[in-house]
Each structure stands twice: as C-alpha cells, then as structure tokens.
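Trainee: I'm new to this one and would like to go through it with you. Can you put it up so we can talk?

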Amino acid sequence: MNNLSDEERHIERLLAELAPRDSRMNRDRTMFLAGHASGQSPPTVPRANGWVWPAVTVCSTAAGLLAGVLIANWSQREAPVVQRDVDDAPNQQPVITSVKSETEAAIAAADSPVLFELRLAMANRAADEFALARSDWSPRDRPPAANGGPAGGPRAPLTYGAALGRLREDETHL
Amino acid sequence: MSFLTPEILGQFIDAHAAALELFAAQWSRAPADVVQEAFVELARQPRRPDNIAAWLYRVVRHRAYDERRAESRRRRRESVAAAESEPYFRRSGAGQIGTHDATAALRELPDDLREVVVARIWCGLTFEQIGEITETSAATAFRRHQEALSLLRSRLGIACLDQEKTSKA
C-alpha cells in the first residue's frame, strides 16, 4: 500500500517541514469543559434488548386491529336459510340460500304488473265471498233465540246462484 | 464516569490540537472551537475509543462539515475573508516552501484530495485510518494522496529529485 515513489517521498518530506500553526484553542477552558462533561451522565446507549417493548406494542396493536376486523365481519355475516321441499324431493339435500337474496327476489316479483293484477283479482274475490257470507248471516233469516240473544242453527251451504237470487230479492225490497 | 483523566486529556491536547486545528481549518472558519468541542465530546464518552486519535479526527471532520454548512447560511463575509487570509502553517526559516504558498496550494486542491494529504503528512494518520475517517477504502485514500502530491508539486514548483541532485552537485 505504502508504495510511494522516491519523488513522492521527496515532496512529502518538503511539505512535512512546514509545521502547523500553534493551536488557538484555550487549553484551560477545554480542560474545564471536558471535566464538566465527564461528570455528567453518559449519553444513553441503546440497549441490546431495546426492541422488545416496541415489538410488544406493535404486536398488541396488530392483534387489536385484527380482532376488530373479525368482529366487524362477523356482525355483517348473513344468516343461512334452509329450504327443503319434502313432498317433491324427500332425498334432496337442503338448499342453503341467503335471506337477502330471497327478499330481493320477492321485492322484484312484487313489482311485476301481472302479479299485481292477480292479487287485485284475489282481493276482489275475497271481498265478494266475505259479502256473501255476511248476507248469509243476515238477521232476517236467523231464527229467533230462546233468550233473545243472537243464535242460529245449522244451515245448508250457500251456493253462488242462491246468493245472487237473494241479493236480487233484497234489491226489490229496497 | 469517563475513562479520560486530566493527564491523558492534557497529553492528547498537546500532541494533537495543532494538527486537528489544521485538519478542521479546511472547512471551518473557527477550527479552534471545533477541536475544543471534539475534546469535550471525547470526555463525555463512557468507553474509550479503539483509536483515540482517529476518533478525534472523525469527530472534528463531521463537526467542521456541519460548521461550514451553517457558515454558508450565515454568510459572514468579513470573518470568511479574514480566516482565508491566514496561513495554515507557522513561519520557519528552514523550509523551502513558503507558508503562504503552501496554504494557497492546499486551498486550491479539491476537498477530497486535500483532506487526505493533510491527514497523512501533518496529522500522521495511516491510509487505513484515513479511509475510515473519509468513509472510503485505504486504496482510494492512497490514490488520492498520490494525486494530491502531484498537484502540489506542480503548483508549488518543486523541482524533480534528479534535477535537485544535479543542481547540488
């Protein structure tokens, strides 16, 4: 490494004849400051096991976050619904569908105009039957009770034609 | 409690303070302050460095660099001009090279070459130590030293060794 040529050694020698100027540092003050500094507490040296507490902090934080995410997912999870058509396919495995999908399908079907008309027709038909049943129990046809309260004996089933004839009679009376 | 006793500290100040100030003067306008801070920092160390001289030069270099950056921000022109006019060396009649010429030639060198030649000739550090301080390899330090010597020779007008022998004869 130290293979300087003679020429380079000669230059080194000439330069080394120059002495650095005298120090301008205040020696006594330096000694005083150094003594004061040596009496102070030494600078904190990082310990070899200084990573333990940061690692514990990071791990516990990560575990807390993971638990929070799991709990949040668990609460949003959908309850499974089991459907089994016993009459048609008794050996068939139960079909698991979600409540949400069935609800959405029902809402979509309810919006259909055909179903709406069908439901309207069924409602009208139910109203008609209800009206007929009430007319069948009119007080005019009911036999008088022994104690004056409402009573009635067994009656023959009312047919649709009979009900219409009775309605017409009522209209003529009115 | 520091390892540094007043006797050891006094010996180090006497042996290295002047060279350390020359080393710091390459970058700092107040090299004496930089060297003093380095000694105080040494006293604060709980354990003895492997090589106290190399440790001191490393600390001085870092602090002088920082001081130069702060100085460039402050832009104190007067003090800069005054500091740059002072030679690095003291007058001695025996030397062939003038103190002002040597200072001017050194100041013209690039930073990376100058710090190596100063550390080698006037601070007496090995190339391994210089490489450690300047964060390079010893081989790089040696190459820079050769380059710096060549530039100094041409700038200072130092005659070749053969020419000098013939002129003496």
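Trainee: How many salt bridges does a search of the whole structure find over all chains?

Mentor: Keep in mind that this is a predicted model. A salt bridge here needs a side-chain nitrogen of Lys or Arg within 4 Å of a carboxyl oxygen of Asp or Glu. Searching the whole structure over all chains on that basis gives a total of 15.

Trainee: Which residue forms a salt bridge with Glu7(A)?

Mentor: Glu7(A) lies in helix H1 (residues 6–16) of chain A, and its partner sits in helix H8 (residues 138–156) of chain B, so the pair joins two chains. The closest N and O atoms are 3.6 Å apart. The partner is Arg153(B).

Trainee: Is Glu7(A) buried or exposed?

Mentor: The cut-off to remember is that buried means under 20% relative accessible area. Arg153(B), at 26%, counts as partly exposed. Glu7(A) has a relative accessible area of 18%, so Glu7(A) is buried.

Trainee: How many residues apart are Glu115(B) and Arg61(B)?

Mentor: Their side chains meet in a salt bridge, with 2.8 Å from N to O. Glu115(B) counts as buried at 3% relative accessibility, and Arg61(B) is buried too, at 8%. Glu115(B) belongs to helix H6 (residues 111–121) of chain B and Arg61(B) to helix H3 (residues 52–74) of chain B, so this pair links distant parts of the chain. In sequence they are 54 residues apart.

Trainee: And which residue meets Glu108(B) in a salt bridge?

Mentor: Glu108(B) is in helix H5 (residues 99–108) of chain B and the partner is in helix H8 of chain B, so the pair ties together parts that are 47 residues apart in sequence. The N to O distance is 3.7 Å. The partner has a relative accessible area of 38% and is partly exposed. Its name is Arg155(B).

Trainee: Which residues are linked with Glu37(B) in a network of salt bridges?

Mentor: Here we go from pairs to a network. Glu37(B) is linked in it with Glu41(B), Arg44(B) and Arg63(B).

Trainee: What about the chains themselves: how many helices and strands are there in chain B?

Mentor: Read chain B from the N terminus on and the elements run α-α-α-α-α-α-α-α-α. For chain A, the pattern along the sequence is α-α-α-β-β-α-α-α, with six helices and two strands. Chain B has nine helices and zero strands.

Trainee: What percentage of the residues of chain A count as buried?

Mentor: Take chain B for context: buried residues make up 50% of its 169 residues. Chain A has 174 residues, and the buried share there is 11%.

Trainee: How far apart in space are His16(B) and Ala53(B)?

Mentor: His16(B) has its place in helix H1 (residues 6–24) of chain B, and at 17% relative accessibility it counts as buried. In sequence, His16(B) and Ala53(B) are 37 residues apart. In space, C-alpha to C-alpha, the distance is 7.7 Å.

Trainee: What is the phi of Glu135(B)?

Mentor: Most residues other than glycine have a negative phi. Glu135(B) is found in the loop between helix H7 (127–133) and H8 of chain B, and it is exposed, with a relative accessible area of 61%. Although Glu135(B) is not a glycine, its phi is positive, at about 60 degrees.

Trainee: Which residues make the nonpolar surface patch with Trp51(A)?

Mentor: Trp51(A) lies in the loop between helix H2 (27–39) and helix H3 (52–75) of chain A. With a relative accessible area of 58%, Trp51(A) is exposed. The patch covers about 470 Å², and the residues that make it with Trp51(A) are Val52(A), Trp53(A) and Val56(A).

Trainee: Last one: which helix gives the most to the lining of the second largest pocket?

Mentor: That pocket holds about 170 Å³ of space, and its lining includes Arg125(A), Asp128(A), Tyr160(A) and Leu164(A). The lining residues divide into five nonpolar, no polar and three charged. Helix H5 (113–136) and helix H6 (160–173) of chain A each supply at least two of them. The most, five residues, comes from H5(A).

How values were computed
Residues numbered from 1 in each chain as written. Chains lettered and ligands numbered in written order. Predicted model: local features only at pLDDT ≥ 70, side-chain atom pairs only at ≥ 80, totals over all residues. Heavy atoms only, no water. 1 Å grid on protein atoms, 1.4 Å probe; cavity = no way out; pocket = protein on both sides within 12 Å on 5 of 7 lines; lining within 4 Å. Points joined across faces, edges and corners; volume = space filled by probe spheres on them. Helix = DSSP H or I, 4+ residues; strand = E, 2+ residues; numbered from the N terminus. Nonpolar A, V, L, I, M, F, W, Y, C, P; charged D, E, K, R; others polar. Patch = residues over 30% accessible without salt bridge, like charges linked within 9 Å, V, L, I, M, F, W, Y side chains within 5 Å. Areas by Shrake-Rupley, 256 points an atom, 1.4 Å probe, with all protein chains shown as cover. Buried < 20%, exposed > 50% of the residue type's maximum accessible area, 1.4 Å probe, protein only.
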